[in-house]
Every structure is written in C-alpha cells, then in structure tokens.
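Work through the exercises below with the sequence and the coordinates open. Each task is followed by a stepwise solution.

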Amino acid sequence: MSLSFWAGLILFVAMTGPFGTYASYSFGQRLLAVAPLLLAIMLVGVLIRALVFSTLPPWRFRSASVLNAGLASLIIAPVLDQFLQQIPPTDTVSYPSMGELLLLVFSLSLGFSSLRSTIAPELYRRSATSEAVPEPEPQPEPEAPRMPRLLQRLDVAAPGDLWSISVRDHYVDVQTSCGVTSLLMRLSDAMAETDPVEGAQIHRSHWVAWAALHRVEREGAKLFVVLAGGNRLPVSKNHRDKLAARGLL
C-alpha cells in the first residue's frame, strides 16, 4: 500500500476513535497515539510480506497470503492487545479479546492481499514461462549406419545389406539382401571396400558377411556355409580357422 493510504488510515482512526478512544482522548491525543502504532504495524506488515512473498513463487499467491496473514496476526495482535490495555475502561465500551484480535488482523491481512492482487494482478498472475513445463532438449537423431563403399558402386537406390562377394571371371558378384549385382573389379579390391560390415574371406573366390551366415554344412571332408538367402558357398581348408574362431565349427 502507498504512504497516502496509510496516512489516510491514520487520520481516519484518529477521527473515529475506535475501542473507546473517542471518549477517553482528544483528537490530538488520538492522533499522537494511533500514528506510531499504525506506523509500527505498517513496518512489521511490510517486512513480513517481503519475507513471505520473496520466499514463495508468485503463482502460489493464495498460500503466501494465508501464511502472511498468519504471521501478521501472531505478531501484530499482541501489540494491539497491549495498546488497548492502556485505554481507561468504560462501562459502554467492550474491548476485543486476544482471539478476536487475532481473527481481526488475519482477516484484514487477507483483505489487503486480495486488494493488492486486484490492483496489480500482473504481480501475482502465474506467468507463461513459470507455468510451462520445461521442454526436454531435442536429442540428436541417431546417425544412419554407414554404407560400405562397395555398395555405393551399385547402380541402385537401396542396395540392401551386404551378404557376400564371389569371383566370376573378371567380375565380382555382389550379393545383397536385395539381389545380385556384378562389378568389374578384383576380389581383393572389393573386400577392401566392405567396411564397416564385418566378414571374412572363406575361399579364394568368396567373401561372406558374418551377419548373413545362416549355418555351416559338411559333406564328407568338404565344408560349406549357407547364407540367409539360401546361397551355398564352399570354405577352403586354409580359411576354416576363421569359422572356428567364431565358434561356428
């Protein structure tokens, strides 16, 4: 509240003389008695309000108002009670009890808080920034698996997964999950371009990707691998240790 409000309130109380002060004191005496009391109450109220409303966030206005009224009544009501005890008793005036003073200060404090929120609602309205739940930071999209350079040579938009490479004359047949494509190049050069697909050469004419290997078959002393697409490739003796190392034998 502004100083003009409190000045008007002091003048109003001094003129009306509540609680028997009108009959016991003159206007000047009432003014001298009421002014320090109300100034002290104003100072205490301002300190309590500053403490409460700086501790609680603006959107908890109701809780802050109740807490502010409770603290104000506990501190100010005893001061008012001591002030009233100094007024000479009369037969026509009854003085409020401590409970009534507590209720009076509590109600007035709530009323002042409501009046302040009406006059300046922007101070207590929950702002959009405080009300909104912080949005989680966008997570970077996982990078797409890197395509082997060998598959980039294929003249297809989606070559699929690399399964095997086999030599045919001066060409290599590149077997993928989408079909077979022939490239004019050496097997050694083709195998050098299979990264990051894991695989191994199992024969002088064949390379297979481990992920495409479906099972291992034996025909007497001969060894074969069957790929996911059903293609069956031989395994030479000097390459069998690669299958053994992976627990396939």
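**Exercise 1: the three-stranded sheet**

V225 has L233 in β8 as its bridge partner. The model is predicted: local features need pLDDT of at least 70, side-chain atom pairs count only at pLDDT 80 or more, and totals for chains, interfaces and linings use all residues. Residues are numbered from 1 along each chain as its sequence is written, and side-chain values use heavy atoms, with hydrogens and water left out.

Task: state the order of the sheet that contains β6, β7 and β8, and find its edge strands.

Step 1. Helices (H or I, at least four residues) and strands (E, at least two) are DSSP runs, numbered from the N terminus. Two strands pair if DSSP finds at least two bridges between them. Strand β7 (residues 222-227) and β8 run antiparallel and are joined by four bridges.

Step 2. The open sheet has three strands in the order β6-β7-β8, with antiparallel pairing. Its edge strands are β6 (213-219) and β8 (232-235), each of which pairs on one side only.

**Exercise 2: D173 and its sheet**

Task: place D173 in its strand, then decide whether D173 is buried or exposed.

Step 1. D173 belongs to strand β2 (residues 171-176). The open sheet of five strands runs β3-β2-β1-β5-β4, and the pairing is antiparallel. At the edges stand β3 (179-184) and β4 (199-203); each has a single partner strand, so one side of each is left without a neighbour in the sheet.

Step 2. Six bridges join β2 to β3. The bridge partner of D173 in β3 is S182.

Step 3. Buried means under 20% relative accessible area, exposed over 50%, and partly exposed in between (1.4 Å probe, protein chains only). D173 has a relative accessible area of 17%, so D173 is buried.

Step 4. Contact means heavy atoms within 4.5 Å. Not counting residues up to four places away in sequence, D173 touches S164, I165, S166, R168, V180, T181 and S182.

**Exercise 3: the largest nonpolar core**

Task: which residues of the largest nonpolar core touch the most other members, and which helix supplies the largest share?

Step 1. A nonpolar core is a set of buried Ala, Val, Leu, Ile, Met, Phe, Trp, Tyr and Cys residues joined through side-chain atoms within 4.5 Å. The largest has 19 residues, of which L38, I41, I76, L80 and V105 touch the most other members.

Step 2. At least two residues each come from α1 (3-16), α3 (27-55), α4 (61-85) and α5 (98-119). The largest share, seven residues, comes from α3.
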